[in-house]
Amino acid sequence: MNNLAILIPCYNEGITIKKVVQDCQKSTKDISGVKIYVYDNNSTDNTVEEARKAGAIVRREYQQGKGNVIRRMFREIDANCYIMLDGDDTYPTDAIPEMMDLVTNKNVDMVVGDRLSSSYFNENKRPFHNIGNVLVRGTINRLFKSSIRDILTGYRAFSFQFAKVYPVLAKGFEIETEMSIFAIENNLSVENYIIDYRDRPKGSESKLNTYSDGFKVLRKVFSLYRNYHPYNFYSIVSLLLIIISAAFFLPKVWLPYIHTGMVQNMPTMVVCGFMVVASLILYSAGLVLDLVNQKNKQEFEFKLQQVHTDRLTKEDSKKHD
């Protein structure tokens, strides 16, 4: 098991990856047991060659998408602490020792490299990225009652247990959103750590599409809200159906019936009846799914215990060997 594993997912970062690896080496020269892994995701430039020249361990993930790369990383590598950062030279590597300290000495499960509280809005040259970051952060912190200050940052530190219990479902850039909400909902320890952000150097291009990837992130947020808070989600939909049904039923069916004693809009009454039935079904589904969700949280706690036990067993076995 590595003491510290630095994980760098890469796709066409040949211009910057060598400098990023060398900066990581300089920042961790006083830390023992450090391995730097560059996971190439089908790059068509010289990313692999530059990473190897710098001294990184290069591995490949052939399924396209950052989420797929991180799944592979967490599956293959065992370490006391993981540092994940992008290969675009936008993050300061001198923050690695302090972020690692939060994980190893203060039992933090995920340290979030907070760009938005420092230089991000001045350095980033894509204004819609600024708006998107603020929108996603505000939406998640309100829906999930959290205080993470930078949801979409790619600079994070993780504990061993986080890496081994986190089920990576996202395939692309929505991965940071998913892991943030996962940590919040499972009561894992999360800390914000303010970092300085610098824009990409000249010639380096972002792989993030402002609109399509932004839409995927927002869709992921609401999908996860439905999964983690099914009672609230289905109750809201159920209430909306009741309100719409009442808005049509009262003026179109009930009031005319009071005056004439006859149902003058039978189709409207039938549709309203179906909407009420659908509302009751959705509310019942929310109740059932909420019970399932509570059961899943209990099982997750057992899984945490199992991961901790397995780790201790491996360490004892290694000592005896």
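Good morning. A search of the whole structure finds 17 salt bridges, and I shall begin with several of these. Please keep in mind that the structure above is a predicted model.

Let me start in helix H1, which spans residues 17–27. Here the side chains of Lys 19 and Asp 23 meet in a salt bridge, with 2.8 Å from N to O. The two residues are 4 residues apart in this helix, which is about one turn. How exposed or buried are the two partners? Lys 19 is partly exposed, at a relative accessible area of 39%. Asp 23, in contrast, is buried, because its relative accessible area is 15% and the limit for buried is under 20%. The pair also belongs to a wider arrangement: Lys 19, Asp 23, Asp 89 and Arg 198 are linked in a network of salt bridges.

The second example is in helix H2, residues 47–54. Lys 53 and Glu 50 form a salt bridge through their side chains, at 3.6 Å from N to O. These residues are 3 residues apart in H2, so about one helical turn separates them. With a relative accessible area of 61%, Lys 53 is exposed, whereas Glu 50 counts as buried at 15%.

The third example involves Asp 86 and Lys 66, whose closest N and O atoms are 3.0 Å apart in a salt bridge. This pair links distant parts of the chain, 20 residues apart. Where does each partner lie? Asp 86 is in the loop between strand S4 (79–84) and H4, and Lys 66 is in helix H3, residues 66–76. Asp 86 is buried, at a relative accessible area of 16%. Lys 66 is buried as well, with a value of 11%. As a general remark, side chains of opposite charge can pair when their charged atoms come close.

I turn next to a polar residue, Ser 43, in the loop between strand S2 (34–40) and H2. Ser 43 counts as buried, at 17% relative accessibility. What does the side chain of Ser 43 reach at 2.8 Å? That partner is the backbone nitrogen of Asn 12. The side chain of Ser 43 also makes a polar contact with the side chain of Asp 40, at 2.4 Å.

Now to the surface, and to charge that is not paired in this way. Asp 94, Glu 98, Asp 101 and Asp 196 form a negative surface patch. One of these, Asp 101, is found in helix H4, residues 96–106. Why can Asp 101 be counted in a patch? Asp 101 has a relative accessible area of 32% and is partly exposed, so it passes the requirement of over 30% for patch residues, which must also have no salt bridge.

There is also a nonpolar patch on the surface. Its members are Leu 250, Trp 254, Leu 255, Tyr 257, Ile 258, Val 263, Met 266, Val 270 and Phe 274, and together they have about 850 Å² of accessible area. Which elements give two or more residues to this patch? They are helix H10 (230–260) and H11. H10 gives the most, with 5 residues. Among the members, Leu 250 has its place in helix H10 and is partly exposed, with a relative accessible area of 43%.

Helix H11 covers residues 266–320, and Thr 313 lies within it. Thr 313 is partly exposed, at a relative accessible area of 48%. I use Thr 313 as a reference point for two separations, both taken from C-alpha to C-alpha. How far apart are Thr 313 and Ala 51? They are 262 residues apart in sequence and 34 Å apart in space. The other separation returns us to Asp 23 of helix H1: Asp 23 and Thr 313 are 290 residues apart in sequence and 35 Å apart in space.

To close, I return to two points. Lys 19 and Asp 23 pair within one helix, while Asp 86 and Lys 66 link distant parts of the chain. On the surface, the negative patch includes Asp 101, and the nonpolar patch includes Leu 250. Thank you for your attention.

Notes:
Residues are numbered from 1 along each chain as its sequence is written. This is a predicted model: local features need pLDDT of at least 70, side-chain atom pairs count only at pLDDT 80 or more; totals for chains, interfaces and linings use all residues. Side-chain values use heavy atoms; hydrogens and water are left out. Patches are made of residues with over 30% relative accessible area and no salt bridge: like charges are joined within 9 Å, nonpolar side chains (Val, Leu, Ile, Met, Phe, Trp, Tyr) within 5 Å. Accessible areas come from the Shrake-Rupley method with a 1.4 Å probe; for residues, only the protein chains shown count as cover. A salt bridge is a side-chain nitrogen of Lys or Arg within 4 Å of a carboxyl oxygen of Asp or Glu. Lys and Arg count as positive and Asp and Glu as negative; His and the chain ends are not counted. The place of a charge is taken as NZ of Lys, CZ of Arg, CG of Asp or CD of Glu. Buried means under 20% relative accessible area, exposed over 50%, partly exposed in between (1.4 Å probe, protein chains only). A polar contact is a pair of N or O atoms within 3.5 Å; within protein, one must be able to donate a hydrogen and the other to accept it, and residues adjacent in sequence count only if both atoms are side-chain atoms.
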